[in-house]
Amino acid sequence: MRSADAEQGDSLDDAAAVFTAVRPRLFGIAYRMLGSAAEAEDVVQDVWLRWQGADRSAVENPTAFLTTATTRLAINVTQSARVRREGYVGPWLPEPVDTRSDPALGAERSEAVEIALLLLLERLTPTERAAYVLREAFDYPYREIAGVLDLSEPNARQLVSRARKHVAAGRRERVGTQEHRRLLEAFVAAARAGDMAGLEKLLATDVVNYGDGGGAVRNAAKIPVVGSTRVARFITAFAPRFWPDTEVAWVEANGQTAALVVHAGTPMALLAISASEQGIDQLMWVLNPEKLTGFSSLAAAASSAPPE
C-alpha cells in the first residue's frame with residue numbers, strides 16, 4: 001500500500017502542475033491590476049499558498065478558482081496601494097516589464113499592458129479595473145466576470161462599459177509600431193543633442209512629461225511638466241548632466257519599444273512614450289532604481305556590447 005506521505009506528495013505535485021500551467025495568466029491579471037511586477041508576484045505567491053491549503057478535491061474548475069482568488073486579492077491590494085501612493089514622492093508610474101518572451105503577459109491579447117494605458121487605468125475603481133482587464137485582455141465572458149467579482153451579469157456588463165468609456169475619453173488613437181519607434185528614436189537623438197527646436201517638432205502641443213524617481217533620484221521632477229515648449233526646455237536644460245557617459249539600448253517594455261538609458265552597466269532610466277497623429281503626447285521616464293531591476297541584465301549586455 002502507498003503511504004499517506006506518498007499520496008500527499010503526488011497531490012502536491014498535481015497541484016503544482018495545475019498552478020504552473022495557469023501561472024502566466026495569474027501574473028498577467030495581477031500585474032495589470034497593480035502596475036507593479038513586485039506586487040503582482042506577491043499576489044501570485046499568496047494564491048499558490050491558498051491553493052496548497054485548499055480542498056482541491058472539491059474544486060470543479062481549478063483555473064476559475066485560481067483566477068477568482070488572484071483577482072480578488074489584487075482588488076484588495078489595489079485599494080491599499082492607492083493609500084500608500086498618496087505619500088509617493090513625485091509622479092507614480094507603473095513598473096515596466098520586459099515582454100520579449102511574452103508580449104501579452106499570459107493574456108489572449110496584449111490589451112491593457114502598455115505603460116500609458118496602465119497609468120490611465122489608475123483612474124478606474126478597483127472593480128472597474130478588474131472587469132476591464134478580464135474582458136479586454138483575457139476575453140472572459142460576462143458571465144464568468146460576474147462570478148469572479150460576485151456580481152450579476154448585467155452589473156458586470158455595466159462595469160466593463162463604464163471602464164471602456166473612461167479609457168476612451170483619456171486615450172487618443174495610437175500611431176503604428178514603426179512610427180512609434182521612429183518618434184522615440186528621433187526624440188532620444190534630439191534630447192541627447194540638446195536640440196530644443198527638434199524636440200518641439202516631435203511633441204504634441206499638450207504633451208505631458210512624467211518622471212518617476214520615487215524620491216531616490218534627485219533630478220526627477222516632482223510634478224508633471226506640461227506643454228511642448230516647457231517640456232522641450234526642461235529636457236534641454238537637463239541634457240548636459242543626464243546624457244554624458246550613458247548608452248541607450250532599445251528594449252521591449254510592456255509590448256512596445258522603449259529606450260533603456262544605461263550608465264556603467266546599470267539601468268539609469270527607462271523612457272516609454274505614447275504617440276498619436278499630433279506627435280508624442282506622453283513621455284514616461286521610469287527613474288526609480290527599484291522599478292528597473294527587471295532590465296539589469298539588458299543594461300549589462302548593452303554596456304559589454306562592442307560599439308556599432
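This is a short tour of one predicted chain, from the whole fold down to single residues.

**Before you select anything**
The model is predicted, so local features need pLDDT of at least 70 and side-chain atom pairs count only at pLDDT 80 or more, while totals for chains, interfaces and linings use all residues. Residues are numbered from 1 along each chain as its sequence is written, and side-chain values use heavy atoms, with hydrogens and water left out.

**Whole chain**
Show the C-alpha trace. Along the principal axes, the C-alpha atoms fill a box of roughly 75 × 45 × 35 Å. The radius of gyration (over C-alpha atoms) is 21 Å. For 308 residues, a compact globule would have a value near 19 Å, which agrees; that rule is 2.2 Å times the number of residues to the power 0.38.

Colour by secondary structure. The chain has 11 helices and six strands. These are DSSP runs, numbered from the N terminus: helices are H or I, at least four residues; strands are E, at least two.

Colour by burial. Buried residues (under 20% relative accessible area, 1.4 Å probe, protein chains only) make up 48% of the 308.

**The sheet**
Select the strands. They form an open sheet of six in the order S2-S1-S6-S5-S4-S3, with mixed pairing. Two strands pair if DSSP finds at least two bridges between them. S2 (225–226) and S3 stand at the edges with a single partner strand each, so one side of each lacks a neighbour in the sheet.

Add helix H10, residues 228–242. H10 packs on the sheet and touches S1 (203–212), S2, S3, S4, S5 (266–276) and S6 (279–286). Its direction makes about 45 degrees with that of S1. Axes are lines fitted to C-alpha atoms, for helices over the stretch in contact; angles run from 0 to 180 degrees between N-to-C directions.

**The S3–S4 hairpin**
Zoom to 246–263. S3 (residues 246–253) and S4 (residues 256–263) run antiparallel, joined by eight bridges. Pick Glu247: its bridge partner in S4 is Val262. Two residues lie between the strands, and Asn254 takes a positive phi near 55 degrees.

**Helix H2 and the loop after it**
Select 37–53. The 17 residues of H2 should span 24 Å at 1.5 Å a residue (times one less than the number of residues), and the end C-alpha atoms are 25 Å apart, which agrees. Its buried residues include Val43, Val47, Trp48 and Trp51.

Now pick Val59, in the loop between H2 and helix H3 (62–85). Is Val59 buried or exposed? Val59 is buried, with a relative accessible area of 17%. Leaving aside neighbours within four places in sequence, Val59 is in contact (heavy atoms within 4.5 Å) with Trp51 and Phe65.

Terms used
Buried means under 20% relative accessible area, exposed over 50%, partly exposed in between (1.4 Å probe, protein chains only).
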